[in-house]
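Trainee: Can you walk me through this one? I'm new to it.
Mentor: Sure. Let's look at it together.

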Amino acid sequence: MRKIFLFLLMGLVLGIGFNGTAQENINPREIKISELSDNQIRRIHDEMMNRGLSEQQAISLAMARGFTRQQINELERRFEQLGDVSQSQSGNEKDEEAASLFGEVSEKEEVTKTEERKKLFGFDFFNSENLTFEPSVNLPASKSYIIGPGDEFSIDIWGTSQQSYQLTVDNGGNLNIPNVGPVAVGSLTLEEAEKKVFNKLTLIYRDLAEENPKTFAHIYLAQIRPIKVHVIGEAFAPGSYTLPGSATAFNALYLAGGPNMNGSFREIKIIRDGRQVKTLDVYEYLINGKTHDNISLRDDDVIMVPSYRYRVRMSGEFKRTGIFEGKQGETVADMLDYAGGFTDKAYQERLEVFRTNSRQNYFEGVGRDNFDDVLIQNGDSIIAGEILKRVENRVIMEGAVMRPGNYELTEDLSLTSLLERAEGLREDAFMERGQILRLDDNLELENIPFSVKKLITGDFDIDLKREDIVTIYSRDSLRQERDLTIKGEVQYPGTFDYRDGTTLSDLVAMAGGFTESASSSYIEVARRLSHDEKSEYSKRTGHLFQFTISRNLEMDEQDGRFELQPYDQVFVRRAPGFVNSGTVRINGEVLYAGEYNLSNREERLSSVIERTGGLTPDAYAQGAMLTRKVETDAKTKRLREQLMERDSTLQFDDMGFEVLAIDLRTALENPGTRDDVFLQAGDELFIPRELQTIKISGEVLNPVSAPFVEGKSLRHYVDQGGGFSDMAKKSKAYVIYSNGKAAATSNFLFFKNYPKVLAGSEIVIPSKPHRDPLPATAWISIGSSVASLALTVVTISNTLK
């Protein structure tokens, strides 16, 4: 009903009638423009654009049909709100709307993209995400379109006479024009049908055929009937497909997924009325961009995809590689064109062709001169090799020359002339020896030594050959890299390049000078044995020297006389009296909590507490906890890693600190005793308030925290948690006190002595180890063993009697 109303509305606005009485039965003034949907307004606008009418022309026609100015203004406002409605509506939306009006078109069949299918040249043409041949129902029909039943014509007459028709071609191929009669347009092209209809209209509108007409006609194919075509043969999805009447052969092949792995791209047949009307070669489009074979389809056309006749694999240095199809009479040169030619790395003088006959495989080399002569065969595999990486006319100069690099090998190029091209030697060139690395006639490496000194004096020269490598050494490259090492209390300890004349103060300055902890009066230098000393065996391994240097690195006579030698190692010791002034942090129930500096090496717990002003009345000294920073060295980490590799159940907690179990109350009551421990930099002491709860965890029925009651035992607090669970290991129950200490249950015979519970403690009940129950077979085995033992005992007893 909605479609009928929309067509009636368009007929009323644009002056298009479906029959002679359509316009007389509907009053245009009764149509409310404000109630029309945006899609209906877009359809009106698109129809105006398709007929070549401007908005003003359409409005004039509407007013001539009886619409009021108010309705026209409302229509103009709707056009302005939508803007360029013909562009704002996407192609997909138009296709969906047209499909709903003209009938559903078939959707593309999905084809799985395997690696082998991707190699087939042309597969992506019909199955690419970026290239689509989806048929569009909005495409106008071409002038060569063949008219058939179901096609719909729109005819507008304006000028002296005004009339509009919207007529459908009947099953007999006739277009019935009121007052004219049937016009046979079936099987005519659109161009021929338009001319024939125009000539018939001149019978009732004679002014149309005059030289200066005052009456005009516009004949337009408003709706194209859908057609059904059949894709058969070697397609990925053969079948019957419904397409718009303007569809082409590519549209149908696209929906069917194109030729499959056995199908031909070169000889696709278009069959119409039992006759082959076209042979489609897809390569003409893929290679040359020609579309002359892509003809428009008609209803009931058959697209036959035959099996391929020639398939060739192209691999190697071609611009396009994969599986290509050939035709009879095509040559290797044609295949090379389909592959896009050679890459820049290809050896182009010869191709390797592997082919088969009915019995076996064989190889054929094809030279460049024969590319046009060698015909392809089905199953051929053509390979383009890569050019050699060797360079035909190159020599290489490297080492202590001004311009090392590659040089062109010219005729009679000598070593002297090559040195001149390299702009001569560097200052550090080693004059006694150079070498030429050359491939001899047996392709083995050959070394040709020469004297650089004789080369520059003209006493030696040699002709160079292809790929010769000439090396002139520098003095530094022929000796071990010389350095100096400084360690200990300097700003930047490490290794530095040796320089002639470097003194001890120079090296300290290169290392950034002394740190505050350095002892400038005790510096040690370790030196290797000399060459002469190492020539004979001795127990000595080196020399040691001790020096004193002023902290401001002033030059003195001793420093000036002692020069460092290559590979010397300098050690700057720490001053014996230097100590980093560390701090400890006191938190919790003291009068003045915070950080405190350690005044001496033997600062004890009690003295720091005294500096804080003492404990507050709420302090719980028995619960005080002391933590100390711990740095895990690399050796310990490696040892832990090795242990965990051997035993995967091992775990190490590396929290960066450890808990020291202390008794603060005893330490304060007895200063200087064992409980009054020495503090270290980074220690942190926490003194809590007196806690009034006990925490019960582990294998109890209800792990909770319970109020602390002075004098109550561990069993009392376990009962507060519902008692022991079935998995509780009662004999291993233990208590963790708030200061970090712990106490375990002691056992004597069948009696358990549970540890004392203090305020703030945590009671932990561990679980029994898990044990799998014995299976029935084990019990049977045990029973059998017991029975056998009893029988043995009875037998022995009877024997003794």
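Trainee: Which residues make the nonpolar surface patch of about 610 Å²?
Mentor: F748, L749, F750 and F751 make it. Patch residues have over 30% relative accessible area (Shrake-Rupley, 1.4 Å probe) and no salt bridge, with nonpolar side chains joined within 5 Å. A salt bridge would be a Lys or Arg side-chain nitrogen within 4 Å of an Asp or Glu carboxyl oxygen.

Trainee: Experiment or model?
Mentor: The model is predicted: local features need pLDDT of at least 70, side-chain atom pairs pLDDT 80 or more, and totals for chains, interfaces and linings use all residues. Numbering starts from 1 along each chain, and side-chain values use heavy atoms, without hydrogens or water.

Trainee: Where does F750 lie?
Mentor: In the loop between β35 (746-748) and β36 (751-753). Strands here are DSSP E runs of at least two residues; helices are H or I runs of at least four.

Trainee: Is F750 buried or exposed?
Mentor: Exposed, because its relative accessibility is 80%. The cut-offs are under 20% for buried and over 50% for exposed.

Trainee: New topic. What is the strand order in the open five-stranded sheet?
Mentor: β7-β6-β10-β8-β9, with mixed pairing. Pairing takes at least two DSSP bridges.

Trainee: Which strands stand at the edges?
Mentor: β7 (239-243) and β9 (275-280). Each has a single partner strand, so one side lacks a neighbour in the sheet.

Trainee: How do β8 and β10 pair?
Mentor: Antiparallel, over three bridges. I270 has I303 in β10 as its bridge partner.

Trainee: And N251, buried or exposed?
Mentor: Buried, because its relative accessibility is 11%. N251 sits in helix α11 (residues 249-255).

Methods: Patches are made of residues with over 30% relative accessible area and no salt bridge: like charges are joined within 9 Å, nonpolar side chains (Val, Leu, Ile, Met, Phe, Trp, Tyr) within 5 Å. Buried means under 20% relative accessible area, exposed over 50%, partly exposed in between (1.4 Å probe, protein chains only).
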